[in-house]
Amino acid sequence: MNRVRVWSGMAMVCAVALFPVAGHSQAAADPEEGLLSKRIAGEDAAAKSSWAILPYRPIYVLPLTYNGDINKEPVEEQGIASNNLQDVEIKFQLSFMVPVWEDAFGGFGDLCFGYTQISVWQAYDRDDSSPFRDTNYEPEFFLRKDTDYHLLGLHGRMISLGAVHQSNGRGSEVLSRSWNRLYANFFFERDRFACSVKPWWRIPEDEEDDNNPDIEDYLGYGEFRAVYKGNVQEYALLFRNNMKADENRSTVQLDWIFPLTKKVKGYIQYFDGYG
């Protein structure tokens, strides 16, 4: 069995959240500014405090998540019977960033620390003490710089250069899954639309230490994200592809965010792919 499938098994997820969704700052900016410019303005204003912890990627809780094809191998490798795994579980994402050094390296850009955690929790499996099926940790450092150029009708607004570690937090040789990457992330906007193109390069590891030798065959060499924010609703897309003619694999995630109350947003997510 290909070891990378331990945490990159195929999944189809449809979920609904009735919790606040963070990660899209409401900035006091010019209404004529683009979606990304408003967020940057909000982050810059918040960063002026002595200790600022800012939203990074969306923060959400999905209390009802249906997974039609749960990857059972990680559970079985822990010596736990996988027959009791339930299709309905809880999925949540926590994500924040901290500005570490403004105008770093002679004013080249702002150095930031980011952290993202995704967990899937078998909360409704009371017979097995509601175990966490998987947790994925992703700390990173990145240097971001504002830009001002136009490409294909889009405004190039910012670029980030970073190093990221991604791991399931397991310590044993059998269960550990991790990899390290360097990336460049290019951000564009136009009115209510924003997108990013993020190519990455995996830092090579010695063969005996590499517990994900073919992860690029599943997660590819980069990703594309896009978001459109209407007057009251928001739509987002995540797309990855391994760019291989043989055994081509793609990942697609679709998000729909809509208001429920002044402080609570609904969130529906559909995911089909590897991750």
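In this predicted model, R225 pairs up with E223 in a salt bridge, and their closest N and O atoms sit 2.9 Å apart. The two partners differ in how much of them is on show. R225 has a relative accessibility of 29%, so it counts as partly exposed. E223, on the other hand, counts as buried because its relative accessible area is 8%, and buried means under 20%.

R202 turns up in two salt bridges. One is with D210, where the closest N and O atoms are 2.8 Å apart. The other is with E205, with an N to O distance of 3.0 Å. R202 itself is buried, since its relative accessibility comes to just 8%. D210 is buried as well. E205 has a relative accessible area of 27%, which means that this residue is partly exposed.

Salt bridges also link up into a network, and this one takes in R57, E138, E140 and R181. Counting up the salt bridges in the model gives eleven.

Charged pairs aren't the whole story, as the surface has a nonpolar patch too. Its members are V100, W101, F105, F108, F141 and L161, and together they have about 620 Å² of accessible area. One of these, F141, belongs to strand 6, which covers residues 132-151. F141 has 45% relative accessibility, so it counts as partly exposed. That value also fits with its place in the patch, because patch residues need over 30% relative accessible area.

Note on methods
Residues numbered from 1 in each chain as written. Predicted model: local features only at pLDDT ≥ 70, side-chain atom pairs only at ≥ 80, totals over all residues. Heavy atoms only, no water. Patch = residues over 30% accessible without salt bridge, like charges linked within 9 Å, V, L, I, M, F, W, Y side chains within 5 Å. Areas by Shrake-Rupley, 256 points an atom, 1.4 Å probe, with all protein chains shown as cover. Salt bridge = Lys/Arg side-chain N within 4 Å of Asp/Glu carboxyl O. Helix = DSSP H or I, 4+ residues; strand = E, 2+ residues; numbered from the N terminus. Buried < 20%, exposed > 50% of the residue type's maximum accessible area, 1.4 Å probe, protein only.
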